[in-house]
Amino acid sequence: MKAILKNIIPAAMAAVISLTAAAAPAAQRGGSPRVMADLAPYVFPNNGVESFGAPQFMPDGKTCLRLGADGRSIVSFDLASGKELETVMDVSRTRSNSIDLIESFTLCPRGEKILVATATEPIYRRSTSARYYIYDIRTRELMPLSTDHRRQRAPLFSPDGRIIAFVAPDDNNIYLRKLDYNTEVAVTTDGKRDAVINGVPDWVYEEEFDTKCSMAWAPDSRTLCYLKYNERKVKAFSFQLYNGYCNPDEKYAYYPGLFTCKYPVAGTPNSVVTLHSYDVELRKTKDLKTGSADTEYIPRIEFGGDDASRLMVVTLNRAQNRMELFAVNPGSGVSRSVVVEQSDAWLPTETYEQLSYEAGRFVMLSARTGRLHAYAYTYSGALEGALTSGDYDVTQWYGTDARGNSYYQSNANGAIRRAVTRRDAKGGEKALSGADMFASAWFSPDLSMAGLTESNALTAPKTTLVNAQSGKQLRTLADNDATARKYASAPKPEFITIPTDEGLSLNAYIYRPASFNASGKYPVIVYQYSGPGSQQVLDRWSIDWMSYAAQLGYVVVCADGRGTFGRGRQWETIVYRNLGHYETIDQQAVGRWVAQQSWADPSRIGITGWSYGGYETLMAISTSRQPFAAAVAIAPVTSWRYYDTVYAERYMLTPQENADGYETSAPISHVNQMDIPLLIIHGTADDNVHLSNSIEYVSALEGAGRFCDMLLYPNMNHSINGCDARLNVYSKMLDYFNRNL
């Protein structure tokens, strides 16, 4: 369950409705067409905001490629100057085959061919299938990646650019397209739907380990290593598909269809994952072992350095509190343990998801001191030393250049900000970003140049190209001054701290109406996510539904309670084995603090959240001391018994190990104490937090002689977007608060 972030940036200012002391008239309520029109500029993501993400670099490390605005061409440009050089591909000038649109592309390592995707279709949150074509820049020949398989997944160029490995979604097998000979070879033959998956992850790996490809090429291009997922023992979950209004499918007009996916709920079997290597020349497959009997998960495989005999394999036990990193020789099969990392609670996902393999060492982020810091190891497993230290967390390690300069992102300037820093070979450090900014970066292949993006709550995002060593600005890549002017009068967050009954101080922000009067009495919406390791209170640019709600006359408050990121491991892991307990104490403390403010109407305080935030919304309104008058829970988990193994067990262990914890942490266990107006919103095709969570909760309410309101979005997934659905969600949420606050 990855956090649904609300840093949605709209395009244009809209006329809004002033609402301070009373609910809106019926004609102005949140669900009306007029208010939906007014809300739209605050909900649609990235409207009017210019961004400049990491480009694809040519082999010279200076020339880049980008997709033309119309999606029908690929052009090259010089990064340092921004000068456009030439049109590398034009769909109207291809030979042998043609396509109408380029939806995405990947340049081969040698720079002479481009793999382009069209007719892309989503599978789960990150995965897609598409029709891929290989384009030869010199000859303009456009050839399909496969003639035997209509669609392909996760195509991966070999380092020498001569072979493309891909997975065929029709049979879950890996194939190699050999470009020199124009042939296709099957690497695996045992793939089978709902049984065996080769080379791409199953649902739970993709969702919780943030991965969409399970293949790795050796640096010499002679060996392909891959993971195989045997999911025969994983039970399937099914939900119905309808005709619906968004991209309707007439075949479901009268009889619903069925979507089925293998989904391991807490305490049940996972896929059995095995590691294999394939010798391209000999066409031989070898089964590889790590030598660990405690391996439940293999979340990452990657070759370390430039050594074809060193496949780095990350393994985790089922509790995810012990990681062992192995170096495996794909040829001999010899496996060697390199590093073991353990924790009293769960290991930070950054420890195994952000391993950085460099030429003579690798860098690992570890929270062994209570804060995430970078540590350098030799490939034999010897600790070279800590690269960072202090009362802050390293949130991203970007790498080390040829001069020994390393680059990383951290919250050294405070929990709610991010800094990008250069560390030289002697340990000296230089900030590349401003002290009062939320900054992130991407780098050129040799780390000599960086695209640095900075913003804060009052400053729209700006991306500049900088000399990574000196920090000197070379040119502006994206400037949002015009967008900032459009929203100059929109309410912005004020950052505060909120004291709790236990003497803690919570980082928070508050939106106030532009016409705020301290002597008034305002309705208040408490918004939160609250999930372990998440963070909502961040000083970065964000114009979204909260700005609009403040225009309507609401005060909106958001606070990060215990369990969230940025304040050390003790703060974060206090929720271990007991989700929902401390989060509820803290969110209720926020509500009580609000009620004590002179400007707040204590009888009109609402709470809302999405996903984990929906879960915590239900928990927060289900005790006798709760201070809320109305609630809206979107896509909520209602028992961790219903949720997947990786996420639920990471924080709760298995239900067999922690039965009491699962019982007390479930909103469905506390329906007898839910006694306020409640709206539950859910997509019927949510493959992440299944609709059954809400159905079972509503059923439990009914069994307890209670009820709630419910709004369903047919065929919508966990994000509930597409066809203006997100706009509809927030309109209904505000409509519900208008009626009940």
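## Charge and surface

In this predicted model, the protein chain carries 74 positive and 80 negative charges, and the mean positions of the two sets are 2 Å apart. The accessible surface of the protein chain comes to about 28900 Å², and carbon and sulfur atoms account for 47% of that surface.

## Overall build

The protein chain contains twelve helices and 43 strands. Its radius of gyration is 26 Å, close to the 27 Å that the globule rule gives for 741 residues, so the protein chain is as compact as a globular protein of that length. Measured out along its principal axes, the C-alpha trace spans about 75 × 60 × 55 Å.

Of the 741 residues, 58% count as buried. Among the contacts in the protein chain with a separation of 6 or more, 60% are made by residues 24 or more positions apart.

## The sheet β1-β2-β3-β4

Four strands with antiparallel pairing make up an open sheet in the order β1-β2-β3-β4. β1 and β4 (84-90) stand at the edges, where each has a single partner strand, so one side of each is left without a neighbour in the sheet. Strand β1 (residues 56-57) pairs with strand β2 (residues 63-67) over two bridges in the antiparallel sense, and the partner of Q56 in β2 is L65. The hairpin of β1 and β2 has five residues between the strands, and within this hairpin G61 takes a positive phi near 75°.

β2 also pairs with strand β3 (residues 73-78), in the antiparallel sense and over five bridges, and here T63 has D78 in β3 as its bridge partner. These two strands again form a hairpin with five residues between them, and G71 in the turn has a positive phi of about 70°. On the other side of the pairing scheme, β3 and β4 are joined in the antiparallel sense over five bridges, with M89 in β4 as the bridge partner of I74.

## The sheet β24-β25-β26-β27

Another open sheet, with antiparallel pairing, is formed by four strands in the order β24-β25-β26-β27. β24 (356-357) and β27 (383-386) stand at its edges with a single partner strand each, so one side of each is left without a neighbour in the sheet.

Within this sheet, strand β25 (residues 362-366) and strand β26 (residues 373-377) pair in the antiparallel sense over five bridges. One position in this pairing is L365, whose bridge partner in β26 is A374.

## Residues with positive phi

Most residues other than glycine have a negative phi. Against that background, A119 has a positive phi of about 55° although it is not a glycine. A119 belongs to strand β6 (residues 113-122) and is partly exposed, with a relative accessible area of 26%.

S221 is also a residue other than glycine with a positive phi, in this case near 65°. S221 is found in a loop, between β14 (215-217) and β15 (223-230), and counts as buried at 5% relative accessibility, since the cut-off for that class is under 20% relative accessible area.

## T421 and its surroundings

T421 lies in strand β30 (residues 419-423) and, with a relative accessibility of 8%, counts as buried. When its neighbours within four places in sequence are left aside, T421 is in contact with S406, Y407 and Y408, and also with E429, K430, A431 and L432.

## Helix α5

How many of the eight residues of helix α5 (residues 545-552) are buried? Eight of the eight are, so the helix is largely enclosed by the rest of the structure. The buried residues of α5 are W545, M546, S547, Y548, A549, A550, Q551 and L552. In an α-helix, which has 3.6 residues a turn, residues three or four places apart point the same way. After α5 comes G553, a residue with a positive phi near 115°.

Conventions: Residues numbered from 1 in each chain as written. Predicted model: local features only at pLDDT ≥ 70, side-chain atom pairs only at ≥ 80, totals over all residues. Heavy atoms only, no water. Pairing = 2+ DSSP bridges. Rg over C-alpha atoms; globule rule 2.2 N^0.38 Å. Buried < 20%, exposed > 50% of the residue type's maximum accessible area, 1.4 Å probe, protein only. Contact = heavy atoms within 4.5 Å. Areas by Shrake-Rupley, 256 points an atom, 1.4 Å probe, with all protein chains shown as cover. Lys, Arg positive; Asp, Glu negative; His and termini not counted. Charge placed at Lys NZ, Arg CZ, Asp CG, Glu CD.
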